[in-house]
Amino acid sequence: MAANKRQHYVPQLLLRQFSPDGRNITIFHLETGRVHRGPLSKQCYRDYYYGRDGEMEGLFAVLEGRVSKTVERIKECRFEEISEADILEFRVFVHFQLFRTEGAAARADELADAVAREYLNVEKVKLPEGA
C-alpha cells in the first residue's frame with residue numbers, strides 16, 4: 001500500500017473546526033507575530049511522519065473517520081445521539097492525539113536515550129566519543 005506523503009500530526013478534522021470555509025485556517029506565526037490564512041492540508045504535517053508503509057497513517061485515518069461523526073454531533077449539541085461506544089472511541093482518539101505531536105515524539109526519543117544510557121551505565125558499557 002502506498003502511503004500518503006503528507007501525514008498530519010494534528011488531524012485535519014480538528015483543524016477544520018477552526019476554519020471558516022472548511023479548507024483554510026487563520027495562522028498566527030509565533031516567531032514573527034504575523035497572521036495569515038493558509039490551507040488546512042499544509043498545516044501540522046511532516047512528510048512520512050508515521051513511516052512510508054502507510055500502516056500507522058491508515059489506522060489513524062480509520063479512527064479519525066469514526067470520531068469525526070462524534071465531533072459533528074458534539075458541535076451540533078446532538079448529545080443524545082452519542083453512544084457509549086462513541087465516547088470510548090473519542091477517548092482513544094484523544095489519548096492517541098496526546099502522543100502524536102512533534103513534541104511528544106521528541107520527549108519519547110529523549111526518554112529512550114536516557115533509558116539506554118542508564119542501562120549502559122549500570123552495565124558499565126563504555127560509549128565511543130560523540131555517542
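This passage describes the salt bridges, a nonpolar surface patch, a buried glutamine and the aromatic pairs of a predicted model. Because the model is predicted, local features need pLDDT of at least 70 and side-chain atom pairs count only at pLDDT 80 or more, whereas totals for chains, interfaces and linings use all residues. Residues are numbered from 1 along each chain as its sequence is written, and side-chain values use heavy atoms, with hydrogens and water left out.

Side chains of opposite charge can pair when their charged atoms come close. A search of the whole structure identified 10 salt bridges, a salt bridge being a side-chain nitrogen of Lys or Arg within 4 Å of a carboxyl oxygen of Asp or Glu. One of them joins D21 to R37, with the closest N and O atoms 3.2 Å apart. D21 lies in the loop between α1 (12-15) and β2 (24-28) and R37 in strand β3 (residues 35-39), so the pair ties together parts that are 16 residues apart in sequence. Helices (H or I, at least four residues) and strands (E, at least two) are DSSP runs, numbered from the N terminus. Both partners are partly exposed, D21 at 34% relative accessibility and R37 at 49%; buried means under 20% relative accessible area, exposed over 50%, and partly exposed in between (1.4 Å probe, protein chains only).

A salt bridge also connects E64 and R100, at 2.8 Å from N to O. This pair links distant parts of the chain, E64 in helix α2 (residues 55-75) and R100 in the loop between α3 (84-99) and α4 (102-122), 36 residues apart. E64 is buried at 17% relative accessibility, and R100 is buried at 4%. Between R66 and E89, the closest N and O atoms of the salt bridge are 2.6 Å apart. Because R66 belongs to helix α2 and E89 to helix α3, the pair ties together parts 23 residues apart in sequence. R66 is partly exposed at 47%, while E89 is buried at 17%. In addition, R73, E76, R78, E81 and D86 are joined into one network by salt bridges that share partners.

Helix α3 also contains Q97, which is buried at 13% relative accessibility. The Q97 side chain reaches the backbone oxygen of Y9 at 2.9 Å. Leaving aside neighbours within four places in sequence, Q97 is in contact (heavy atoms within 4.5 Å) with Y9, V10, P11 and L14.

Five aromatic pairs were counted; rings of Phe, Tyr and Trp (its six-membered ring) pair if their centres lie within 6.5 Å, and planes under 30 degrees apart count as stacked, over 60 as edge-to-face and the rest as tilted. The rings of Y9 and Y49 have centres 5.4 Å apart and planes at 50°, so the pair is tilted. Y9 lies in the loop between β1 (6-8) and α1, and Y49 in the loop between β4 (45-47) and α2, 40 residues apart. Y9 is buried at 12%, whereas Y49 is partly exposed at 22%. A tilted pair is likewise formed by F90 and F93, at 6.3 Å centre to centre and 35° between the planes. F90 and F93 are three residues apart in helix α3 and are therefore separated by about one helical turn. F90 is partly exposed at 28%, and F93 is buried at 3%. One aromatic cluster comprises Y9, Y49, Y50, F60 and F96.

At the surface, F28, L30 and V35 make a nonpolar patch of about 360 Å². Patches are made of residues with over 30% relative accessible area and no salt bridge, like charges being joined within 9 Å and nonpolar side chains (Val, Leu, Ile, Met, Phe, Trp, Tyr) within 5 Å; accessible areas come from the Shrake-Rupley method with a 1.4 Å probe, and for residues only the protein chains shown count as cover. V35, in strand β3, is exposed at 53% relative accessibility.

Methods: A polar contact is a pair of N or O atoms within 3.5 Å; within protein, one must be able to donate a hydrogen and the other to accept it, and residues adjacent in sequence count only if both atoms are side-chain atoms.
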